[in-house]
Amino acid sequence: MSDVTKTVQKWHASFKKGTDFDSWGQLVEAIDEYQILARQLQKEVQSSNSHDFTEDQKKTLGKIATCLEMRSASLQVCSAVSITKIQGFQKSRSQFIKNILTYNKDFPFDVQPVPMRKILAPGEEENLDVDEELDTATGVGSTQSFTTRVPGSTLLPRLPSEPGMTLLTLKIEKIGLKDAGQCIDPYMTISVKDMNGVDLNPVQDTPVATRKEDTYIHFSVDVEIQKHLEKLPKGAAIFFEFKHYKPKKRFTSTKCFAFMEMDEIKPGPIVIELYKKPTDFKRKKLNLLTKKPLYLHLHQTLHKD
C-alpha cells in the first residue's frame with residue numbers, strides 16, 4: 001500500500017470518527033475532529049513540496065475542508081441537528097475522501113476551497129517580520145494589493161456541568177497595544193497547555209475584534225475553557241495569542257502573547273502582562289512586550305454545580 005493511500009485512509013478514518021461523534025450528539029468532540037481534519041487537508045493543499053495529488057484533487061480537498069469548517073461552525077451555534085442531515089453530510093464527504101484518487105466528477109456543493117494562507121514553521125514569522133521592517137525603513141516593498149484573510153471563530157460551547165466540578169468562562173474584554181489602530185483583522189487564539197507545552201484542550205479562535213479605540217482593541221467575547229478546573233494538571237496554564245493579518249507578507253502573525261496560571265484563577269477582573277513572541281508555551285524565556293502599562297484585560301466567571 002502506497003503512502004498516499006495510507007494518508008487517504010487515515011483521513012477517511014478521521015472523518016468517520018467525527019461524524020460518529022456528530023450523530024451521537026457529542027458536539028464538542030465532533031467539532032474538534034472536524035477542525036483537525038480540515039487543518040490536515042488544508043496543509044496538504046498548500047504544500048508546495050507535495051506531488052501526491054493533482055491540482056484538481058487539491059481543489060476538491062480544499063472544498064472538503066471548507067465543508068468541514070462550515071459543519072463545525074454550525075455545530076457551535078446549534079445543539080440539535082437533524083439526523084437526516086448528519087447522515088447526508090457523512091455519506092457525501094466520506095465518499096469524496098475515500099475516492100479522492102479516482103474521483104473525476106464536479107464537486108456537487110457550491111463552496112470555495114479554504115482561503116489560502118501561509119503555514120509557517122516555528123520562527124519563520126519572526127524572520128519575515130524583520131524583513132518587513134527593513135522594507136519599511138528602506139522604502140522597498142511590494143505594491144501588490146492582497147485580500148485580507150478574515151479568520152472564522154472556533155469558540156466552543158460550555159461543557160455540561162458535573163457535581164462538585166468547576167467550569168471557567170473567560171471574557172476577553174480588551175488588549176492594550178501602542179499600535180492598536182494599525183492591526184488588521186485582530187483576533188485571539190486561546191489554548192490550555194501543560195508544563196511541557198502540550199495541549200490539554202481544543203484550541204479556540206475568537207471572532208475578529210469588534211472595535212479599536214485609542215490604544216485598545218476591544219473583543220468583549222466569552223471563551224469557555226473545555227475542561228473542568230479540577231481535571232487540569234498541576235502547572236497548567238491558559239495562553240492567549242494575539243494575532244493579526246499582514247497584507248505585505250500575506251500571512252497571519254502572532255504579535256504577542258499572555259498567559260494565566262492556575263493560582264490566578266478566581267472570580268472577577270484580572271489584567272495580565274504581554275510578552276514578546278514567539279509564544280513560549282513552556283514559560284522558560286519570557287520577555288515583556290513593553291514597559292508601558294498595556295495589558296490584556298479579562299473577566300473570570302466560575303461555574304460550580
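Select Tyr-275 to begin: at 13% relative accessibility this residue counts as buried, because the cut-off for buried is under 20%. The model on screen is a predicted one. Add Phe-259, which is also buried, with a relative accessible area of 10%. The two ring centres lie 5.5 Å apart and the planes meet at 20°, so the pair is stacked. Phe-259 belongs to strand β7 and Tyr-275 to strand β9, so the contact ties together parts 16 residues apart in sequence.

Next, extend the selection to the ring cluster. Phe-239, Phe-257, Phe-259, Tyr-275 and Phe-281 are linked into a cluster by ring pairs. A search of the whole structure gives 9 aromatic pairs. One of them joins Phe-239 and Phe-281 edge-to-face, with 5.0 Å from centre to centre and 75° between the planes. Phe-239 sits in strand β6, while Phe-281 is in the loop between β9 and β10 (296–304), 42 residues away along the chain. Which of these two rings is buried? Phe-239 is, at 0% relative accessibility, whereas Phe-281 counts as partly exposed at 21%.

Stay at Phe-281 and show Lys-193. The charged end of Lys-193 sits over the Phe-281 ring, 4.1 Å from the ring centre. Lys-193 also forms a salt bridge with Asp-199, where the closest N and O atoms are 2.7 Å apart. Lys-193 counts as buried at 7% relative accessibility; Asp-199 is partly exposed, with a relative accessible area of 40%.

Now select β7, residues 251–261. Of its 11 residues, 10 are buried. Strand β6 (residues 237–246) runs antiparallel to β7 and is joined to it by 10 bridges. To check the register, find Tyr-245, which stands opposite Thr-252 in β7. The hairpin of β6 and β7 has 4 residues between the strands, and Arg-250 takes a positive phi near 60° there. β7 also pairs with β9 (residues 275–276), again antiparallel, over 2 bridges. In that pairing, Cys-256 stands opposite Lys-276 in β9.

Move to the open sheet of 5 strands, ordered β4-β5-β1-β10-β8 with antiparallel pairing. What stands at the edges? β4 (211–213) and β8 (268–272) do, each with a single partner strand, so one side of each has no neighbour in the sheet. From one strand to the next the twist averages 25°.

Within this sheet, select β1 (residues 166–176) and β5 (residues 216–224), an antiparallel pair with 7 bridges. Ile-175 has Ile-217 in β5 as its bridge partner. Then show Lys-174 and Tyr-216: the charged end of Lys-174 lies over the Tyr-216 ring, 4.2 Å from its centre.

On the same two strands, pick Lys-171 and Asp-222. They form a salt bridge, with 3.4 Å between the closest N and O atoms. Lys-171 lies in β1 and Asp-222 in β5, so the bridge ties together parts 51 residues apart in sequence. Lys-171 counts as partly exposed at 28% relative accessibility, as does Asp-222 at 38%.

For the last stop, go to the helices. The count of salt bridges comes to 10, and one of them joins the side chains of Lys-17 and Glu-33 at 3.9 Å, N to O. Lys-17 lies in helix α1 (residues 3–24) and Glu-33 in helix α2 (residues 27–46), so this pair ties together parts 16 residues apart in sequence. Lys-17 is partly exposed at 44% relative accessibility; Glu-33 is buried, with a relative accessible area of 13%.

Note on methods: Residues are numbered from 1 along each chain as its sequence is written. This is a predicted model: local features need pLDDT of at least 70, side-chain atom pairs count only at pLDDT 80 or more; totals for chains, interfaces and linings use all residues. Side-chain values use heavy atoms; hydrogens and water are left out. Buried means under 20% relative accessible area, exposed over 50%, partly exposed in between (1.4 Å probe, protein chains only). Two strands pair if DSSP finds at least two bridges between them. Axes are lines fitted to C-alpha atoms, for helices over the stretch in contact, and angles run from 0 to 180 degrees between N-to-C directions. Rings of Phe, Tyr and Trp (its six-membered ring) pair if their centres lie within 6.5 Å; planes under 30 degrees apart count as stacked, over 60 as edge-to-face and the rest as tilted. A charge sits over a ring if NZ of Lys or CZ of Arg is within 6 Å of the ring centre and within 35 degrees of the ring normal. A salt bridge is a side-chain nitrogen of Lys or Arg within 4 Å of a carboxyl oxygen of Asp or Glu.
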